[in-house]
Amino acid sequence: MSADKLNLIAKKLCEKPKGILAADESTNTIKKRFDSINVESNFEMRRAYRELLFKTPNLKNFISGVILFDETIRQEDSDKTSFAKYLLTEGLDGLGKRLEEYKSLGASFTKWRAIITIDNESNMPSDYCIESNSFNLARYAKIVQDCDMVPIVEPEVIMDGEHSIEDC
């Protein structure tokens, strides 16, 4: 990816007062959210929830990008229109091929989250964990740039059961 194109996409993602909508909840995570409000987590309910988010009037005035789960980027609204039309992950193996498809659906950036648990009593994280996550995050970023897209690298630290995002 050229530095000019990478910078252009990154600047668009950071336009004020907009932000990035993290709509990348896995099927398990969204089930937990739905369970908390007594809503069944099935394909149709997840589609309706996402449609509510993505078809919000004037969304583009507030959101500079949306992070999607694999199910979501392939999903359509109730009128059979791809969510990607409104908005314009399995691991690293095969990522380049999936990114080609996602790019054809209108994606221009991606995000990879690495969860790192810090627990001094258990001596966590290990050096191996840190090295492994660093290597995989770097590998991810390289594959994404090779596919002419912008990578967002998100290490997430869990400390004493609390989540916090750490900037790198």
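This dialogue walks through a few features of the predicted model shown above.

Visitor: What should I know about the numbering and the model before I begin?

Guide: Residues are numbered from 1 along each chain as its sequence is written, and side-chain values use heavy atoms, with hydrogens and water left out. Because this is a predicted model, local features need pLDDT of at least 70 and side-chain atom pairs count only at pLDDT 80 or more, while totals for chains, interfaces and linings use all residues.

Visitor: How many aromatic pairs are there?

Guide: Rings of Phe, Tyr and Trp (its six-membered ring) pair if their centres lie within 6.5 Å, and planes under 30 degrees apart count as stacked, over 60 as edge-to-face and the rest as tilted. By this rule there are three aromatic pairs. In one of them, F34 and Y49 have ring centres 5.6 Å apart and planes at 85°, so the pair is edge-to-face. Helices (H or I, at least four residues) and strands (E, at least two) are DSSP runs, numbered from the N terminus, and this pair links F34 in helix 2 (residues 27–36) with Y49 in helix 3 (residues 43–54), 15 residues apart.

Visitor: Is F34 buried or exposed?

Guide: Buried means under 20% relative accessible area, exposed over 50%, and partly exposed in between (1.4 Å probe, protein chains only). F34, with a relative accessible area of 6%, is buried, whereas Y49, at 29%, is partly exposed.

Visitor: Why is the pair of W112 and Y140 called tilted?

Guide: The ring centres of W112 and Y140 are 5.5 Å apart and their planes stand at 35°, so the pair is tilted. W112 belongs to strand 3 (residues 109–118) and Y140 to helix 7 (residues 127–146), so the pair ties together parts that are 28 residues apart in sequence. Both W112 and Y140 are buried.

Visitor: Which residues make the contact between helix 6 and helix 7?

Guide: Contact means heavy atoms within 4.5 Å, and here L95, G96 and L99 of helix 6 meet Y140, I143 and V144 of helix 7. These residues divide into five nonpolar, one polar and no charged, where Ala, Val, Leu, Ile, Met, Phe, Trp, Tyr, Cys and Pro count as nonpolar, Asp, Glu, Lys and Arg as charged, and the others, Gly among them, as polar.

Visitor: Where does S82 lie?

Guide: S82 is in the loop between helix 4 (70–73) and helix 5 (83–87), and with a relative accessible area of 18% S82 is buried. Leaving aside neighbours within four places in sequence, S82 is in contact with I73, Q75 and E76.
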